[in-house]
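Thanks for passing this one along. Please have the viewer open as you read, since the points below go chain by chain and contact by contact.

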Amino acid sequence: MSAAHAAGVVGASAVQVIAVAAGGLVLLGFMRKVRARLEGRVGAPILQSLRDVRKLFRKERIRPDVATWIFPAAPVVLVATVAVAAVMTPLITTQPAMSGGSDLFVVVYLLLAGSTLLALAGMDAGTAFGGMGSSRAVMIGALAEPALLVTILALSVTTHSSNFPAIVRATLANPGLIASPARLFAVAALLIVIVAESGRLPVDNPSTHLELTMIHEAMILEYAGPDLAMVTLGEAMRLALLLGIFVNLVLPWGVATSTTALGLVVGLGALVAKIAVLGGALAFFEVFMAKLRLFRLPELMAGAFVMALLGVVSGLVVK
Amino acid sequence: MLITLLAVPLSCALLSGLAPWRRATGWLGVASSLGVLIGGVVLATGVVGRHAASGFHGVLRADALSAFMVIVIGVIALLATLQGIRYLDAEIAQGRSTRRHAALYATLVQGFLATMLLAVLAANLGVMWVAVEATTIVTTFLVGHRNTRTSLEASWKYIVICSVGIALAFLGTVLVYLAALHVPGHGAHALDWTSLVAQMHHLNPGVMRLAFALIVLGYGTKVGLAPMHSWLPDAHSQAPAPVSALMSGVLLTVAFYAILRFKVIADGALGAAFPRTLLVVVSLLSLVIAASLLLSQRDYKRMLAYHSVEHMGLIALGAAAGSTLAIAAVLLHILGHGIAKGVLFLTSGEILLVEGTSEIEHVPALLSRRPVLGGIFAFGLVALLGFPPFSLFVSELNMLRAEFQVGLGWAAVLSLVCMAVIFGAVMTHGRHMLLGPRGTAAPVMTPALVAVPLIGGLVGCAFIGVSAWPLQTLLHAAAHVVAR
Amino acid sequence: MTSSTYASLLGLGAAVVLLCAVMTLWRRSVGAIVKVLAVQGVALAGVALSIGIDHHDATLAVVAVLVLAAKGVVVPTLITRVVRHDPASRETQPLVNVPASLVAAGALIFLAFAASRSVTALAPTATGRLIPYGVAAMLVGFFALATRRKAVSQIVGILLVDNGIALVAFLATAGVPLIVELGASLDVLLAVVVLQVLATQMRLRLGSLDLDQLSELRD
């Protein structure tokens, strides 16, 4: 690997992490704004999330007495794992760092590792709502796992590899792959799983203030100050990264196939545009959807599982 | 010739539907059945020993087997339509039906006959399928004719289960079509039975195995073979008696005729082993289930329906044996069972009419209270249980002989055990119904219109049992169509 | 039509047919299930039309239009008539609950692929490889028929079985002879009419379309 290439890769990775971090917070604000406008309100400014995080970093650090090391460690691990995943994912370029090890399974499970620790931290605070939120979140995670696994299998079956950059390159080279039944089913299942994992409607309402209806918010109810800032940042980055994975699997155009500066700029622009469109669409549909009752969630996840299964089967049959 | 045979019941159907029911409509139906019977006899004399007749641009075809089935349809239709006059008159008199409703019944019965004729006269397996599906649709309304809760339940179950079965049979037909298309040099006539038989040794065995299994499962549902028989007791017990006679006597065997046609092709493509095993399994299952459920029956019409399941099992076992003797015995059994079961169902319909209940324990002492009716019922049971001189004795004996000859002796012994159990069960129920003290009422005579056809049917059954002449050559020719 | 677009179109159509069959197990509202059935009819017609265009077979194209009319429009309309009196009717308690039904559907799909191997071996073309989709749709239809409690769901199950078999017929043999196809379509239509009449009678006589009410005849 030449020095210029190495510099390009490092630069691309840095750009990806910063884009995901800052862009994630902006994305949160953007989706909130879209929802507010559709509901007839003005809504908070788009950059409000950035200001909130900055404000939280300056606040006093408060932790529950009964909390162990898990409580302060969870936000840090969350941000760290998401950052590593952001470095490895082919968001802007198809040659991110560690692209040889950039397996779709690895990326997805890095994202889930942080939320697992967060669930433990929710119980660590020793409150009733924390435990309730954690158990619900873990239930959703457990139901979404099989669907997620089979979806990744469905995505890899047409390209005979689960290496993420390889999948993106194959889709770029063969656009007809997008309309194949395997890819369509896998994408539909992936959408459902992403909505479940990032805690959006119809699985979880991120803007609810009623504790008994919370799933994710209840887990982080006891966080304050810089810890809360890290959690918010980590969650925003996760959402941005999940949406980025989705758009690059479905519509990979604009992703740079090299590490030249021009390619990176174009890739960044394309990524921002695509995530903005997807985020806006998600926010748009959230206005019209109600939250699913908790015992209906297994049906939704089973449906995603069967669709992913159909995708695998189609991928094996239709060459 | 063939198209006129079909036109007879079709035109009667149209005419019956035109006006509210009168006795004349009933006699018109009888005339149509007589026409079908005579047509069948003429057809039989035409095709035995000569080429098969064909008609209507090759869509219809009649060989010895078809002609025999037409005769079976004609005989039982004659009995059923004769009794139908009595049934409809009584229903209208008792206020349970209107003249319009009765006209609908008459139309549907004629339509039923027409679709059954189409099924046995079809040259193309696809057309045969269409005809069998049409019988399901026509008979659903007939089963629910009495408009009670139980008959509604029976007709719902009937159409749901039989539609599913028929759909499976369609898949089997499609698979046979696929196998035929892949034989080099085939094409436009791929579903035509004669050309399939000509090419049967070249058909892909894997596909044919799947296809024949689907055919047995699918058409077997309409035959009433276990485990697809659950519609049969409900439908045959809730339908009006003449319809039960037609369904139990003929429709089951028309569906079995379809299986026989496919068996010829399957034997050629797969050898005799696989079709034989499949049919043996299904038949033994039917026999065992019928035997185990007959003893606990409380309704005599349901008892007769389960008895049909047993006889269909026996027929399937005979067909599994597959030799000429076996098939000839099977065909004779089809005729004999049709007549005897038809007579019994019609008699039970008359009993239901005069006694008002279909429970066994509420109709005791029939021989003392209604001697003629009781006598006919008793002789009918005797015929069905396979006693000489009735023809079922001959056909069952020959089927057992053929099974031993072919190596299915163990299955024959099992069937004998089941038949013994059924014998005991039917005798018990028959004893409850027929014997007993008369009580104070005077014995009631049955009208001649009812008794004469039924007695005639039983006499005919005995006649065929004693001397197989007029049917000897026809049976042999028909058996040769199936067993090569 | 290039062979790859043809193959993708066929694959998409067959997959949509199977997906619709699975969705009838997923959705609870009877109205939604009927809409899914209509979509399945349209997909089936699309498959027939693609095969007809590719084989330059005019009769198959006519059959495709027939299928579209019958299975995409007429049959769903007839079924909607049954539920018209109870528009909020939902299948709330099937014999097997929804997630388990969906997992069972997945197992049935695998079973269909295993069982149809001999058939696909005989016809290894692009169309032949899709035959297991039809068999799977048929098996899912059987499952729906056996585990649902409403009369309408049983009608839908029968139609799913029919659509699955029709898909197999189109893919395996480019349709059956025209006379058989016409007869089969007519039979299916008449069967649905009969079922609709019976269901209406059931509603008038028993007060509901719940099949648990039909339990008087037993041994």
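Here are my notes on confidence, chain contacts, domains, helices and backbone details.

1. **Confidence.** Please keep in mind that this is a predicted model. Its scores are ipTM 0.91 and pTM 0.87. For chain C, the mean pLDDT is 83, and 95% of the residues score at least 70. Within that chain, helix 6 (residues 131–147) of chain C has the highest mean pLDDT of its elements, 91, while helix 8 (residues 178–206) of chain C has the lowest, 79.

2. **Which chains touch.** There are 2 pairs of chains that touch, and chains B and C make the most contacts. Chain A and chain B share no contact, and their closest C-alpha atoms are 20 Å apart.

3. **Chains B and C.** Here 35 residues of chain B meet 34 residues of chain C. On the chain B side, helix 5 (125–143), helix 6 (149–181) and helix 8 (205–223) each contribute at least two residues. Helix 6 of chain B has the largest share, with 19 residues. By type, the chain B side has 22 nonpolar, 9 polar and 4 charged residues.

4. **Chains A and C.** This contact draws on 17 residues from chain A and 20 residues from chain C. Two elements of chain A, helix 7 and helix 11 (297–317), give two or more residues to the side that touches chain C. Helix 11 of chain A supplies the largest share, 11 residues. The chain A side is made up of 12 nonpolar, 4 polar and 1 charged.

5. **Domains of chain B.** The domain assignment splits chain B into domain 1 (1–123), domain 2 (137–270) and domain 3 (272–484). Between the centres of domain 1 and domain 3 of chain B, taken over C-alpha atoms, there are 24 Å. The two are in contact through 18 residues of domain 1 of chain B and 20 residues of domain 3 of chain B. On the domain 1 side, helix 3 (residues 64–93) of chain B gives the most, 14 residues. That side of domain 1 of chain B counts 14 nonpolar, 2 polar and 2 charged residues.

6. **The nonpolar core.** Which members of the largest nonpolar core touch the most other members? They are A:Ala308, B:Leu117 and C:Val140, in a core of 389 residues. Helix 6 of chain B contributes the most to this core, with 22 residues. It is worth clicking on B:Leu117: beyond its neighbours within four places in sequence, B:Leu117 is in contact with B:Leu5, B:Leu6, B:Pro9, B:Val36, B:Val70 and B:Ile73.

7. **Helix 17 of chain B.** This helix (residues 409–434) has 26 residues and runs 36 Å from its first C-alpha to its last, close to the expected 38 Å. Its buried residues include B:Ala411, B:Cys418, B:Ile422, B:His429 and B:Met433. What do the buried residues of helix 17 of chain B pack against? Their partners are helix 11 (273–294), helix 12 (300–321), helix 14 (366–369), helix 15 (371–384) and helix 16 (391–406) of chain B. After helix 17 of chain B comes B:Gly436, with a positive phi near 140°.

8. **Helix 7 of chain A.** Is this helix largely enclosed or largely open? Of its 17 residues, 14 are buried, so helix 7 of chain A is largely enclosed by the rest of the structure. From first C-alpha to last, helix 7 of chain A reaches 24 Å, close to the 24 Å expected. Just after helix 7 of chain A, A:Gly199 has a positive phi of about 70°.

9. **Backbone points to check by eye.** Most residues other than glycine have a negative phi, and most peptide bonds are trans. A:His160 is not a glycine, yet its phi is positive, about 60°. A:His160 sits in the loop between helix 5 (128–157) and helix 6 (164–173) of chain A, and A:His160 is exposed, because 11 other C-beta atoms lie within 10 Å. A cis peptide bond links A:Leu201 to A:Pro202, with omega about 0°; A:Pro202 belongs to the loop between helix 7 (181–197) and helix 8 (216–219) of chain A. In chain B, B:Pro388 and B:Pro389 are joined by a cis peptide bond with omega about 5°, and B:Pro389 is in the loop between helix 15 and helix 16 of chain B.

Definitions and conventions
Residues are numbered from 1 along each chain as its sequence is written. Chains are lettered from A and ligands numbered from 1 in the order in which they are written. This is a predicted model: local features need pLDDT of at least 70, side-chain atom pairs count only at pLDDT 80 or more; totals for chains, interfaces and linings use all residues. Two residues are in contact if their C-beta atoms, placed from the backbone, lie within 7 Å. Helices (H or I, at least four residues) and strands (E, at least two) are DSSP runs, numbered from the N terminus. Ala, Val, Leu, Ile, Met, Phe, Trp, Tyr, Cys and Pro count as nonpolar, Asp, Glu, Lys and Arg as charged, and the others, Gly among them, as polar. Domain bounds come from an automatic or database domain assignment. The expected span of a helix is 1.5 Å times one less than its number of residues. A residue is buried if 20 or more other C-beta atoms lie within 10 Å of its own, exposed if 12 or fewer, and partly exposed in between; C-beta atoms are placed from the backbone. A nonpolar core is a set of buried Ala, Val, Leu, Ile, Met, Phe, Trp, Tyr and Cys residues joined through C-beta atoms within 7 Å. pLDDT is the predictor's confidence in each residue, from 0 to 100.
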